[in-house]
Protein chains: 2
Amino acid sequence: MTRLNRERVLRAAVALADEGGIESLSMRRLAQELDVVPMALYKHVANKEQLLDGMVDAVVREIELPQPGSDWRDAVRRRVLSARTVLLRHRWAYRVIESRTGPTPAVLEYLDSMIGVFRDGGLSADLTHHAMHALGSRVLGFSQELFDTSGGAAAPDAGAADTMAERYPRIAELAGAAAHDGGSVVGGGCDDRFEFEFALDLLLDGFERLRARGWTSAAG
Amino acid sequence: MTRLNRERVLRAAVALADEGGIESLSMRRLAQELDVVPMALYKHVANKEQLLDGMVDAVVREIELPQPGSDWRDAVRRRVLSARTVLLRHRWAYRVIESRTGPTPAVLEYLDSMIGVFRDGGLSADLTHHAMHALGSRVLGFSQELFDTSGGAAAPDAGAADTMAERYPRIAELAGAAAHDGGSVVGGGCDDRFEFEFALDLLLDGFERLRARGWTSAAG
DNA sequence: ACCTGAACACCGTTCAAGT
DNA sequence: ACCTGAACACCGTTCAAGT
């Protein structure tokens with residue numbers, strides 16, 4: 001058994017969360033996984049919060065940054081989609097990122113380089129700032145889908161679906177019109193990738209339109 | 001002391017979370033607040049998850065739905081902003097909503113009526129479906145700001161700010177250009193309301209453009 | 001029908017010791 | 001320098017009893 005170190009602790013924590021979900025990650029369970037007593041972990045991470053920070057950094061560093069192509073729009077798009085594939089590999093990560101009270105170094109680095117793409121593409125600092133806010137979590141490849149569908153919400157049985165359709169006719173209409181596979185409410189049964197790119201492209205188109213017209217915010 | 005009931009339990013839970021944050025809401029603490037033994041709660045809510053469901057419903061029912069005005073764009077806008085004021089009253093709510101694995105009745109009702117505004121405005125079921133996804137959590141008045149700023153992330157001291165500026169020059173530039181009050185990284189020191197409306201309007205503009213041109217998704 | 005007490009199987013973390 | 005043991009102050013929840 002090699003000596004414990006921060007690297008090994010983080011690696012094991014990510015593996016544990018990947019496998020059993022973030023709710024299965026406790027200091028005690030992690031220690032057990034490493035054949036060590038819980039308190040041994042505290043020599044390598046100050047506490048659980050710092051452990052989570054380290055896990056976020058590890059995941060964000062996995063994101064490949066494709067070389068910026070010809071135009072900024074495409075470069076941003078490719079980066080965001082590449083972040084998305086990483087976040088899909090670690091389904092717990094977006095929740096942990098959201099729960100952080102401050103950005104970790106790897107995230108700052110990522111944001112800094114993403115801002116660079118916008119700026120090099122000719123967007124003003126003002127517009128870039130608002131664009132980054134508008135993208136929000138989408139800049140890291142995840143969108144807020146209103147509900148946590150990662151757990152696989154059970155599809156309602158036929159009877160429940162009938163009374164649903166009665167009580168929420170407009171939702172039922174949409175589900176009928178667009179449910180490719182599952183056929184649940186908004187959030188299930190759709191092509192997640194399509195929805196993600198749809199919104200992303202609307203925003204990028206909007207940024208480009210504002211850039212082209214030399215838009216600036218009042219306060220900027 | 002009146003008899004306990006679901007109503008009183010939910011009310012106390014919301015009050016507790018409003019006051020002390022969601023992390024201060026435990027079944028035991030809530031019971032204490034109600035001068036009752038923890039197990040007494042379980043006659044009125046099945047478990048903590050169902051308690052949280054009930055709290056979400058209570059909050060969502062607080063949202064006032066302004067009468068739909070002349071055009072759908074304005075009606076959606078006003079509804080979303082009215083949801084936003086409620087969610088700002090209960091700073092814990094958006095996290096709890098995100099953590100639900102399925103929509104609660106009040107949320108379904110809200111979504112159903114919001115879909116109605118789009119449909120009555122002349123958007124196809126297909127476009128409405130994608131629009132609802134694109135709005136995501138924004139439909140309920142909150143956006144994913146990448147980090148939890150509700151805790152009031154400490155502004156870095158001058159020294160830290162200097163090394164930050166060295167390591168992350170583009171972030172520093174943006175912070176300098178746009179920090180009205182605080183002057184922190186993306187997420188702090190900006191006019192949250194402006195950022196929220198900026199992104200909302202970009203999306204609504206995009207929807208309108210697609211509607212006007214009779215856009216439809218390939219699969220739709 | 002509603003509330004209680006005691007218990008179970010967990011948490012994160014401190015503190016004082018071991019090697 | 002690194003790991004351990006025992007303990008503290010918490011969790012959500014079950015189960016069998018009380019009134």
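Here is a quick tour of how the protein chains meet two DNA strands in this predicted model. Residues are numbered from 1 along each chain as its sequence is written, while chains are lettered from A and ligands numbered from 1 in the order in which they are written. Local features need pLDDT of at least 70 and side-chain atom pairs count only at pLDDT 80 or more, whereas totals for chains, interfaces and linings use all residues; side-chain values use heavy atoms, leaving out hydrogens and water.

**DNA strand C**
- Around DNA strand C sit 16 residues, and the closest are A:M27, A:R28, A:M39, A:Y42 and B:H44 (a residue is near a strand if one of its heavy atoms lies within 4 Å of it).
- Of the strand C atoms that come within 4 Å of the protein, 49% belong to sugar and phosphate.
- Phosphate oxygens of strand C have polar contacts (pairs of N or O atoms within 3.5 Å) with the side chain of A:Y42 at 2.8 Å and with that of A:S26 at 3.2 Å.
- B:V37 uses a backbone N or O atom instead, 3.1 Å from a phosphate oxygen of strand C.

**DNA strand D**
- DNA strand D also has 16 residues around it, with A:H44, B:M27, B:R28, B:M39 and B:Y42 the closest.
- Sugar and phosphate make up 48% of the strand D atoms within 4 Å of the protein.
- A phosphate oxygen of strand D lies 3.1 Å from a side-chain N or O atom of B:S26, and one lies 3.0 Å from a polar backbone atom of B:M27.
- B:R28 reaches a base: a polar atom of its side chain is 2.4 Å from a base nitrogen of strand D.

Technical notes. Polar contact = N/O pair within 3.5 Å; in protein donor to acceptor, adjacent residues only side chain to side chain.
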